[in-house]
Number of protein chains: 2
Amino acid sequence: MKLNVKGLLIVLSGPSGVGKGTVRKALFNKKGHNLVYSISMTTRKPRKGEVDGEDYYFVSKAEFEKRIANDQFLEWTEFVGNYYGTPREKIETQLQEGHEVVLEIEVNGALQVRDKMPEAVFIFLVPPGKQALFDRLKLRGTENYAIIEERIAKAKEEFLLAYKYDYIVVNDDYDNAADRILAIIRAEHAKTERSIHQYIKMLGE
Amino acid sequence: MKLNVKGLLIVLSGPSGVGKGTVRKALFNKKGHNLVYSISMTTRKPRKGEVDGEDYYFVSKAEFEKRIANDQFLEWTEFVGNYYGTPREKIETQLQEGHEVVLEIEVNGALQVRDKMPEAVFIFLVPPGKQALFDRLKLRGTENYAIIEERIAKAKEEFLLAYKYDYIVVNDDYDNAADRILAIIRAEHAKTERSIHQYIKMLGE
């Protein structure tokens with residue numbers, strides 16, 4: 001029996017290359033949860049095989065900018081001439097319905113969400129060691145030394161933002177990391193600040 | 001991989017009659033944890049079959065009072081002419097060794113612990129409804145209406161102290177409640193405030 005019946009927004013973030021996508025997939029493969037994945041909105045053209053409302057919501061630049069003006073994003077960014085953002089309304093409906101909504105997102109986006117929805121649960125995924133991450137970044141399909149250096153520099157900067165998160169989860173093994181995230185969701189529901197209102201209501205009955 | 005290597009003090013409390021003992025037993029029957037149980041100290045005489053250092057540490061009144069004077073208890077109380085208390089030193093050693101130390105304790109004692117060790121994890125166990133608890137209190141081996149009323153009044157007072165705890169766990173089923181507590185322990189280890197120092201140390205290496 002859960003006292004807090006509203007779902008939680010789970011913001012899964014961490015330095016580039018830490019394996020956010022793999023851990024997110026492992027998380028959704030687990031049983032006995034009520035997770036949904038937040039689909040981003042973008043102005044870039046769909047790639048071959050990408051489905052609107054599944055991979056992304058594909059919209060025009062004008063539509064996206066209208067939504068920015070109406071404060072309809074939890075976070076958004078511009079990257080190589082295209083917009084990317086997290087639509088707010090759908091998430092709020094899903095939370096009200098009792099789903100845990102998972103947002104897999106870069107560090108800067110996560111910190112934007114923190115401002116708009118401080119009650120979300122912020123998880124910072126870290127590698128089991130610096131070297132493990134740097135090795136992974138080097139393997140990401142480039143031989144260009146300058147690009148590798150740039151990625152490592154960016155990861156180092158992101159590393160230092162861990163203190164802004166609620167939890168630090170080590171991705172030593174994606175399955176273990178997913179288990180830790182499920183434990184965090186369970187524990188967060190039991191937090192007094194989230195459950196006391198429902199508890200008081202129960203006492204009154 | 002756990003970043004926080006020190007154990008946690010888990011204070012399991014809640015209104016009289018909620019089933020703290022049953023949940024604690026279910027918790028210790030679970031696998032894959034590192035829990036130890038904190039043994040209380042008392043000045044009452046051992047009952048038949050009770051073992052010193054197992055059921056309680058049995059000490060003299062003079063010894064107990066010396067320990068009070070030396071601030072050696074996390075909490076203590078006097079009940080029907082005898083002292084009962086939680087010795088501090090042993091717990092601190094066990095925490096340093098990486099054990100999670102479980103304290104099953106009445107509400108007043110728990111709040112004393114909060115003052116001395118605010119970094120402990122405070123869990124308030126509640127029944128799935130008021131009536132369930134009152135039925136249980138009535139069944140506790142007495143026909144005396146006044147005593148039953150007194151117990152219910154005490155439980156009602158204790159109910160209202162839930163807001164002083166970190167977590168509210170519903171004891172709808174002792175096994176589920178124990179699972180929730182294990183999730184809380186796991187999540188607490190991942191909390192940024194507990195793990196960031198170790199994380200920064202790891203980055204330096």
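Where in chain A is the place of A:Asp71? A:Asp71 sits in the loop that runs between α2 (61-69) and β5 (73-79) of chain A. Welcome to a short tour of this predicted model, which starts with the overall build of chain A, moves on to one helix and the contact between the chains, and then comes back to that loop.

**Overall build of chain A**

- The secondary structure of chain A consists of eight helices and nine strands.
- With a radius of gyration of 18 Å, close to the 17 Å from the globule rule for 205 residues, chain A is as compact as a globular protein of that length.
- The C-alpha trace of chain A spans about 65 × 45 × 30 Å along its principal axes.
- Buried residues make up 35% of the 205 residues of chain A.
- If you take the contacts in chain A between residues at least 6 apart in sequence, 70% of them join residues at least 24 apart.

**A closer look at helix α6 of chain A**

- Helix α6 (residues 145-159) of chain A has 15 residues, and from its first C-alpha to its last it reaches 21 Å, close to the 21 Å expected at 1.5 Å a residue.
- The buried residues of α6(A) are A:Arg151, A:Ala155, A:Glu158 and A:Phe159.
- These buried residues lie on the same side of α6(A), because they cover an arc of only 105 degrees around the axis.
- Turned away from that buried side is a face with the exposed residues A:Tyr145, A:Ala146, A:Glu149, A:Glu150, A:Ala153 and A:Glu157.
- The cover over the buried residues of α6(A) includes α4 (107-116) and α5 (130-138) of chain A, and α8 (192-204) of chain B also takes part.

**Where chains A and B touch**

- Chain A brings 29 residues to the contact, and chain B brings 29 residues.
- On the chain B side, β9 (167-170), α7 (174-190) and α8 each supply at least two of the residues that touch chain A.
- Sorted by class, that side of chain B has 20 nonpolar, three polar and six charged residues.

**Two loop residues with positive phi**

- Most residues other than glycine have a negative phi.
- A:Asp71, in the loop introduced above, has a phi near 55 degrees, a positive value in a residue other than glycine.
- A:Asp71 is exposed, with 9 other C-beta atoms within 10 Å.
- B:Val80 also has a positive phi, near 45 degrees, and is found in the loop between β5 (73-79) and β6 (82-87) of chain B.
- B:Val80 is exposed, with 5 other C-beta atoms within 10 Å.

Conventions
Residues are numbered from 1 along each chain as its sequence is written. Chains are lettered from A and ligands numbered from 1 in the order in which they are written. This is a predicted model: local features need pLDDT of at least 70, side-chain atom pairs count only at pLDDT 80 or more; totals for chains, interfaces and linings use all residues. Helices (H or I, at least four residues) and strands (E, at least two) are DSSP runs, numbered from the N terminus. The radius of gyration is taken over C-alpha atoms; the globule rule is 2.2 Å times the number of residues to the power 0.38. A residue is buried if 20 or more other C-beta atoms lie within 10 Å of its own, exposed if 12 or fewer, and partly exposed in between; C-beta atoms are placed from the backbone. Two residues are in contact if their C-beta atoms, placed from the backbone, lie within 7 Å. The expected span of a helix is 1.5 Å times one less than its number of residues. The arc is that of the directions from the helix axis to the C-beta atoms. Ala, Val, Leu, Ile, Met, Phe, Trp, Tyr, Cys and Pro count as nonpolar, Asp, Glu, Lys and Arg as charged, and the others, Gly among them, as polar.
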